[in-house]
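Good morning, and thank you for coming. I shall take you through one structure this morning, beginning with a loop and then turning to the helices.

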Amino acid sequence: MNPKLVFAFIIGLSLGLLLGYIFTDLHYRNLERAQMSGSMMGMGQPQMAPGENPHSMDGVMQRIQDLEGLIEKDPQNYDALVELGNLYYDANIFEKAAPRYEAAVQIKGNDPNVLADLGTCYRNTGQFDKAVEMYDSASKLDPNHWHSLYNACVVSLYDLKNKDRAKAYYEKLKKVVPKEINLAEVEADLGAS
């Protein structure tokens, strides 16, 4: 089996899971925001126009503009930074997502999901060592954060070509990964059992 094809499949599967998580999270955040009877309106939180679909391209672009404006006025707004980072991340604009996540981490660096997303931004912009550093930070905060261990293993194995380091991540990963996640391809490339 072609290792590049396997790698692309694994990354695609991982991104699919991550995007599903992000869009679900955004959906529930939007529902929660809609249920709050407008009490946030006076608190500097931009709102979607009534009837606007937040997932349409126009809705996403409007949300990005709103968040950029909010961050310009309040650069310490953690939630806006993370949401803006997520929107850029989902659009594969990693060079714009990374600074938003970096600013959020400076404010509150204890969310393993934000750290892992920042790591993925670094990976997609060719900063592999920084990516692994972020995955390590996420894993230290939550040793069961299997996404971080998986990504650190993949970056170490395929990007940094450090099989020993990848095996160390794999050993930790095996202990926490959900049973439905298939590690056979990574396992085969590591020569692990």
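The loop between α7 and α8 contains K161. Please bear in mind that this is a predicted model. K161 has a phi near 55°, a positive value in a residue that is not a glycine. Is K161 buried or exposed? Its relative accessible area is 65%, so K161 is exposed.

A second residue belongs beside this one. N92 lies in the loop between α3 and α4. Although N92 is not a glycine, its phi is positive, at about 60°.

Let us now consider the chain as a whole. It holds nine helices and zero strands. The pattern along the sequence is accordingly written α-α-α-α-α-α-α-α-α. The chain has 193 residues, of which 41% count as buried. Among contacts with a separation of 6 or more, 50% are made by residues 24 or more positions apart.

I turn next to the two helices on either side of N92. Helix α3 covers residues 78-90, and helix α4 covers residues 94-107. The 13 residues of α3 should span 18 Å at 1.5 Å a residue, and the end C-alpha atoms are indeed 18 Å apart, which agrees. How many of the 13 residues of α3 are buried? Twelve of them are, so α3 is largely enclosed by the rest of the structure. Those buried residues include Y78, L81, L84 and Y88, and also the charged residues E83 and D90.

How do α3 and α4 lie relative to each other? Their axes come within 8 Å and cross at roughly 155°. An angle over 145 degrees counts as roughly antiparallel, and α3 and α4 are therefore roughly antiparallel to each other. The crossing in which α3 passes α4 is left-handed. On the α3 side, the residues that meet α4 include L81, G85 and Y89. On the α4 side, those that meet α3 include F94, R100, Y101 and I107.

Helix α4 also contains Q106. With 70% relative accessibility, Q106 counts as exposed. Q106 and Q76 are 30 residues apart along the chain, and their C-alpha atoms are separated by 9.2 Å.

In contrast to Q106, consider L118, which is found in helix α5. L118 has a relative accessibility of 2% and therefore counts as buried. Which residues are in contact with L118, leaving aside its neighbours within four places in sequence? They are A98, Y101, E102, V105 and M134. In addition, L118 and F94 are 24 residues apart in sequence, with 8.7 Å between their C-alpha atoms.

M134 brings us to helix α6, where M134 is one of the buried residues. Helix α6 runs over residues 128-141 and has 14 residues. From first C-alpha to last, α6 reaches 20 Å, close to the 20 Å expected at 1.5 Å a residue. Its buried residues are A131, V132, M134, Y135, A138 and S139. They cover an arc of only 160° around the axis, which puts them on the same side of α6. Why can residues separated in sequence share a side? An α-helix has 3.6 residues a turn, so residues three or four places apart point the same way. On the other side of α6, D129 and K140 are exposed. The cover over the buried residues of α6 includes α5, α7 and α8.

That brings my presentation to its end. Thank you for your attention.

Methods: Residues numbered from 1 in each chain as written. Predicted model: local features only at pLDDT ≥ 70, side-chain atom pairs only at ≥ 80, totals over all residues. Heavy atoms only, no water. Helix = DSSP H or I, 4+ residues; strand = E, 2+ residues; numbered from the N terminus. Expected span 1.5 Å × (residues − 1). Buried < 20%, exposed > 50% of the residue type's maximum accessible area, 1.4 Å probe, protein only. Arc of directions from axis to C-beta. Contact = heavy atoms within 4.5 Å. Axes fitted to C-alpha atoms, helices over the stretch in contact; angles between N-to-C directions. Parallel < 35°, antiparallel > 145°, perpendicular 65-115°, else oblique. Left-handed = near helix turned anticlockwise from the far one by under 90°.
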